[in-house]
Amino acid sequence: MSTRAFAAQNATSPLGPFSITRRDPLPLDVEIEILYCGVCHTDIHFAKNEWGFTQYPVVPGHEILGRVTRVGSNVKKFKVGDTAAVGCLVDSCRTCAHCKQGLEQFCIPGSTFTYNGVDKHSGGITYGGYSERIVCDEAFVLKVPENLDKAAAAPLLCAGITLYSPLRHWGAGPGKKVGINGLGGLGHMGVKFSHALGAHTVLFTTSPSKVADGKRLGADEVVISKDADAMAKHAGSFDLIVDTVSADHDVNALLGLLKLDATLAMVGVPPTPVAVSAFSVIMPRRHLAGSLIGGIPETQEMLDFCGKKNIVCDIEMIAIQDINKAYERMLKSDVRYRFVIDMASIRK
Ligand code: NAP
Ligand code: ZN
Ligand code: ZN
């Protein structure tokens, strides 16, 4: 079905209107009218080809929330009218060792990402949520607790799970000191989740204007990461730091804050390779690690956790026509704290 979308045609062009085709639902497919789509910094990396593997035209968007409009004949989980969501994955092999553990994001033959992936059905490229509708196998469609505000829940599908997963994996909880570096879309969910899990939460930010918000969102302490003296006070004291920063920065300064056997988990993807001094990790036996979104079972667990604790994202709503301005503001670290596109605007 012909579907209105917004796409970047090359690395330097602004995003603009574009038409894509969505398949009619197959027996296990759910068709979703997209109501809201969050704007992730990954969308910018892809639109500008900052990682070098963008296939144009690219239709970004992987924080998708909407209403079910059609279901295939064998669909069990959803019916027409349900609220439904799609995150960063639309398929995987489902049979490899990682898929069997619910870690579809690490599918060994390769996961199918929501955009810029190979569409198993059409053979072309997958197109994301900056569009009117999406069609996805029900195994990759998530249920959203009805008590959550729909627009503010959309970014949970990437920003939420990307922080929930490492915080759970490395045991954030009571008695643990956890740092979150960067207060953007990912970082503000990290602060909320770390606080909700019961950890002593410290936000690192380059923006003095975000200190009060950091505390309001749940940080016990806020440290300006450019202030070497303030950083030094925390040397050797953290159990875990999750680094969400999208731009080049010094990770050695963060590694120095970890205690014995503690972990710095990178989730942000700076464009150039990270320089690590061996001294930063050999003493006292520190870990530098990474984490990628989360699998489908853990994403559902995170959404259910948010439903119980009433956790959503702090958002600024925009029309799709404002997407290029939103990108400019994100590049200046000026978003409080996630842009969400009201997709009704694409029909105007
Ligand atoms: P965002 O909303 O733009 O936030 C990034 C934050 O990084 C900014 O708000 C800013 O926080 C900080 N920052 C920016 N420039 C900086 C600099 N030069 N030095 C230090 N700090 C700086 O981005 P996002 O959507 O949260 O995404 C963050 C990164 O995570 C991106 O690289 C994205 O591609 C990646 N990502 C990874 C995964 C995964 O699964 N691993 C999933 C989604 C996104 P302060 O103002 O507080 O300093
Ligand atoms: Zn994302
Ligand atoms: Zn697999």
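This passage describes two zinc sites, a ligand pocket and two buried residues. The model is predicted.

The zinc ion designated ligand 3 has four protein donors, namely C93 (SG), C96 (SG), C99 (SG) and C107 (SG). These atoms lie 2.3 to 2.4 Å from the metal. The angles among the four donor atoms run from 102 to 120°, and the site is tetrahedral. For four tetrahedral donors the ideal angle is 109.5 degrees. Along the chain, the donor residues follow the pattern C-x2-C-x2-C-x7-C. C93 and C107 are 14 residues apart and link distant parts of the chain. C93 sits in the loop between β6 (89-91) and α2 (97-100). C107 sits in the loop between α2 and β7 (112-113). Their exposure classes also follow from the accessibilities. C93 has 25% relative accessibility and therefore counts as partly exposed. C107 has 7% and therefore counts as buried, because the class covers values under 20%.

The other zinc ion, ligand 2, has the protein donors C40 (SG), H62 (NE2) and C158 (SG). The donor distances are 2.0 to 2.2 Å. In sequence the spacing is C-x21-H-x95-C. C40 belongs to the loop between β3 (29-38) and α1, whereas C158 belongs to the loop between α3 (150-153) and α4 (159-169), so the pair ties together parts of the chain 118 residues apart in sequence. C40 has a relative accessible area of 3% and is buried. C158 is likewise buried, with a value of 5%.

Ligand 1 is surrounded by 29 residues. H41, T205, T206, S207 and R338 come nearest. By class, the shell contains twelve nonpolar, 15 polar and two charged residues. Two helices, α1 (41-47) and α5 (185-196), each supply at least two residues of this shell. Helix α1 gives the most, with three residues.

Several polar contacts involve oxygen atoms of ligand 1. A polar side-chain atom of T205 lies 2.5 Å from an oxygen of ligand 1. For T206, an N or O atom in the side chain is 2.5 Å from a ligand 1 oxygen. L186 contributes through its backbone, where a polar atom is 2.8 Å from an oxygen of ligand 1. Taken alone, ligand 1 exposes 920 Å², and the protein buries 90% of that area.

R338, one of the residues that come nearest to ligand 1, is found in strand β17 (residues 338-342). Its relative accessible area is 3%, so R338 is buried. The R338 side chain also reaches the backbone oxygen of V39, at 3.3 Å.

A further buried residue is D243, in strand β13 (residues 238-243). D243 has 0% relative accessibility and therefore counts as buried. D243 and V267 are 24 residues apart in sequence. In space, the two are 5.9 Å apart, C-alpha to C-alpha.

Key
Residues numbered from 1 in each chain as written. Chains lettered and ligands numbered in written order. Predicted model: local features only at pLDDT ≥ 70, side-chain atom pairs only at ≥ 80, totals over all residues. Heavy atoms only, no water. Donors = N, O, S within 2.8 Å, 3.2 Å for Na, K, Ca; no water. Tetrahedral: all angles 85-135°; square planar, octahedral: opposite > 155°, others 65-115°. Helix = DSSP H or I, 4+ residues; strand = E, 2+ residues; numbered from the N terminus. Buried < 20%, exposed > 50% of the residue type's maximum accessible area, 1.4 Å probe, protein only. Near = heavy atom within 4 Å. Polar contact = N/O pair within 3.5 Å; in protein donor to acceptor, adjacent residues only side chain to side chain. Areas by Shrake-Rupley, 256 points an atom, 1.4 Å probe, with all protein chains shown as cover. Nonpolar A, V, L, I, M, F, W, Y, C, P; charged D, E, K, R; others polar.
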